[in-house]
Amino acid sequence: MIEKKGTVEAMSRVFEKIGRWCFDHRWVVIICCAVLVFISYQIATTVRFDNSYESYFDVNDSTYGDFLEYRDNFGSDEIAYLMYEVPGKEYGPWDIDIMRKIEELTEELEDQVPFIKRVVSLSNAEFIEGIQDELVIHDLLLDFPESQEKLLEIRSKVMQKPIFQNGLVSMDGKYAAIIVEMDKASVDPLEEIMLDPDKGNDLPNLYPQATNKIIKNILEKPEYSGIKFYNTGDVPLNSIYNEVIQDEYKSLGLISLLITGILLLFFFRNLLGVIGPLLVVITSLMLTTGLIGILGWSYDMMFIMLPTILIAVGVADAAHILCEFQHLEMVMEDRREAIMKSVYLVGLPCFFTSITTVAGFSSMSVSPIKAIKHFAFYSAFGVFFAFLMTVTLLIAVLSIKLKKKHQTKKTVHQDTDLRSGFISRILGIVTGFDIRFKSAILIVFTAIFIWSAMGISRLKVDSCFLTEFGKDVQIRVETEFVDDIMGGSGSVSYIFDAKTQNGILEPMVLSEIEALQKMADQQEIVMKTYSIVDLLKDINKTLHNEDPAYYKLPTSRKEAAQFLLIYEMSGGDELENYITSDYSMANLEVRCKMVETSRYKSMVNRLDDYLKTRPNDKMKPRLTGMGALWVRMIEYIVKSQLYGFLLAYSVIAVMLCLLFRSIKIGMISMVPNLAPVVITLGIMGWAGIPLDYIKLLIGCVAIGIAVDDTIHLIMRYHYEFRQCGDYKKALKQSMNHVGRALYITTAVLVSGFLVFLFSIMAGLNNFGTLVASTIFIALIADFFLMPALVMVFKPFGPEFQVEEAL
């Protein structure tokens with residue numbers, strides 16, 4: 001036979017020595033791993049969950065910088081929006097008994113809810129009216145009405161005030177809302193958002209979870225049972241999102257481990273074949289979480305995928321060693337020699353597959369999205385940790401011999417040499433099909449590539465924070481219902497900067513704000529707009545005996561300044577929401593439905609086009625706010641998917657060319673890895689499934705994982721060809737030795753990613769299904785496309801007789 005030579009042989013011998021050492025010093029390896037796990041666990045407990053904007057955007061990002069500046073000038077824009085209705089009451093929220101309850105509820109929220117700036121409802125909303133030629137500002141129900149008739153008179157006054165409509169009360173008066181404005185935001189330092197410093201950074205002790213829980217408990221009190229509340233806004237959305245991440249990364253990880261354990265037991269029928277791979281996964285996961293803690297990072301939405309990915313990678317490498325070991329132990333009848341030989345044969349391919357997977361995951365570091373950049377780093381290290389544990393801890397575990405029934409040589413030959421059973425029969429059929437129809441396979445895959453390319457041309461980039469939740473999840477149902485009526489759960493803000501003190505009060509500047517506000521009100525997704533213009537027009541109208549003709553802006557800077565002076569002297573205290581204290585900057589807040597980011601972008605583009613038509617070029621506002629950040633996210637997704645995939649594909653292609661010292665072999669090896677990604681993206685395009693910030697990982701993750709099977713198969717194919725000099729015989733031998741492991745690892749990988757179907761997050765459901773499909777397609781490509789390419793293009797060189805090579 002022709003043996004492996006040179007560098008490959010030397011590296012294989014290194015892994016053989018590692019296997020020998022870990023076998024002989026099994027307890028040293030196990031104890032060291034246990035110590036590392038303990039230390040990593042202690043560090044991991046200090047890490048908190050964070051789904052704030054800071055987890056997605058770098059502090060140096062200009063759009064995020066504008067957002068932080070906006071917060072510095074106008075405070076936190078986070079709210080809890082409590083819309084309510086009163087079924088069975090003739091006057092709905094204007095029923096006098098209900099209004100008393102709302103007054104009590106408003107006070108209770110103000111007294112008990114932490115991290116709030118103020119609570120605004122129909123009972124205490126700032127109301128401006130003229131009494132005896134004076135501007136009077138008071139809480140709407142400062143003197144609670146004595147009768148239902150008096151309350152209905154107040155309702156008539158409120159419904160004539162545009163500033164209240166679609167904000168605190170619906171246009172038809174059937175729904176009303178309580179707005180709980182926050183003094184804090186999720187991006188604030190950890191020490192500032194702890195409810196009880198003694199309880200540390202446990203999620204329930206942090207904003208917004210602590211705030212949302214108290215609000216929820218108050219609303220569930222029996223005294224408010226006659227009122228139907230719809231709790232939405234930043235506080236409940238972010239709180240539930242964070243809780244889902246914390247709960248599901250544990251629950252989904254455990255489910256994935258359980259399913260993996262069952263599959264391993266089914267395939268290997270050996271307790272150590274289950275314990276070993278699972279210990280590899282658990283240890284590498286703990287080391288990775290410890291690394292996150294050392295780096296001072298937080299757990300975010302990307303982190304929830306880490307357990308499944310490490311299970312996939314860790315079990316894949318372990319399965320190849322286990323398959324080889326299980327066969328060799330029965331043939332050689334020497335456990336130590338079987339382990340050494342297994343690591344000799346499989347260690348190097350596992351090393352290269354891990355390196356290529358690291359390259360695939362690392363390619364995502366080009367993403368400007370902070371959470372994905374972090375994920376690229378710690379997932380790459382997690383893959384490397386999994387490999388280290390596979391060639392050390394797994395070997396140590398396998399060295400422990402458990403009592404088992406004696407197997408005769410006849411049984412050995414039936415189970416190993418002939419590779420009998422269902423999997424072997426399937427592999428035999430596949431091999432025969434490849435040999436007989438290799439040209440037809442290439443034609444079919446070419447047609448599929450063309451079809452997929454057409455689908456990719458239809459692929460859209462889009463995302464929506466709300467639709468990350470499943471359709472039946474309560475927070476999504478309530479938010480969509482509220483958005484159809486009033487309020488607006490999303491927002492963008494336009495900041496007008498006059499650069500000079502009192503500059504915003506210039507009539508020209510105010511007219512620019514008013515013009516943009518009117519244009520924004522015409523947009524389909526806009527529910528409500530707020531600005532200093534609303535307040536000035538309301539004051540003007542009030543000072544003129546509520547004459548609708550005076551619902552307009554003051555005509556001079558001096559008059560505007562007088563209006564605001566009168567307002568503040570009369571007790572008004574809401575200026576800080578609209579304008580800075582020196583009157584140099586103003587905020588136009590546009591409250592929108594929480595819809596797809598593409599619809600936000602379309603709205604912003606229309607408003608930008610409108611601003612270009614305005615005569616005053618020097619007074620162009622800056623866009624910021626939550627919606628602006630999501631619009632920016634679309635641009636990042638496009639760049640991340642394109643650059644990340646090209647980088648991953650290029651790096652892995654170069655690595656394969658270097659590995660085989662052949663450009664031809666390297667390029668042929670990459671075709672089966674390109675196929676699953678192209679086909680999956682094509683299916684997404686034809687099915688109308690958008691590419692969002694989670695699904696953009698599919699390309700890099702899939703190619704990083706899919707290339708593993710290709711490397712194992714083509715390395716074995718190359719090795720077997722050098723032994724026999726015949727492409728057909730080499731394929732049969734390769735499938736016999738490696739095919740079973742590929743089948744097992746694919747079953748484990750697909751099952752692992754389908755665990756995401758148990759998530760309440762629709763985004764994770766889709767991601768899991770798509771990645772599982774991609775991995776299955778990768779197996780099809782490895783079993784059919786790759787052998788067909790090798791047999792047609794003969795990259796290993798011409799066939800030869802074994803005798804000629806000896």
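Here is a walk through this predicted model, going from the whole chain down to one helix pair.

Let's begin with the overall picture. The chain has 806 residues, and 59% of them are buried. Along the principal axes, its C-alpha atoms take up a box of roughly 115 × 55 × 45 Å. As for what fills that box, you'll find 26 helices and ten strands in the chain.

Now for how the chain meets itself and the outside. Take the contacts with a separation of 6 or more: 80% of these join residues that sit 24 or more positions apart. On the outside, about 32900 Å² is exposed by the chain, with 58% of that area supplied by carbon and sulfur atoms.

With that in mind, zoom in on helix H6, which covers residues 209-219, and helix H7, which covers residues 234-268. The two pack with their axes 9 Å apart, at an angle of about 115°. Angles of 65 to 115 degrees count as roughly perpendicular, so H6 is roughly perpendicular to H7. The crossing that H6 makes as it passes H7 is left-handed.

Which residues make the contact? From H6 come Gln209, Thr211 and Asn212. H7 brings Val235, Pro236, Asn238, Ser239, Asn242 and Glu243. Sort the residues in this contact of H6 with H7 by class and you get six polar, two nonpolar and one charged. Val235 and Pro236 of H7 are the nonpolar ones, and Glu243 of H7 is the charged one.

Notes: Residues numbered from 1 in each chain as written. Predicted model: local features only at pLDDT ≥ 70, side-chain atom pairs only at ≥ 80, totals over all residues. Heavy atoms only, no water. Axes fitted to C-alpha atoms, helices over the stretch in contact; angles between N-to-C directions. Helix = DSSP H or I, 4+ residues; strand = E, 2+ residues; numbered from the N terminus. Parallel < 35°, antiparallel > 145°, perpendicular 65-115°, else oblique. Left-handed = near helix turned anticlockwise from the far one by under 90°. Contact = heavy atoms within 4.5 Å. Buried < 20%, exposed > 50% of the residue type's maximum accessible area, 1.4 Å probe, protein only. Areas by Shrake-Rupley, 256 points an atom, 1.4 Å probe, with all protein chains shown as cover.
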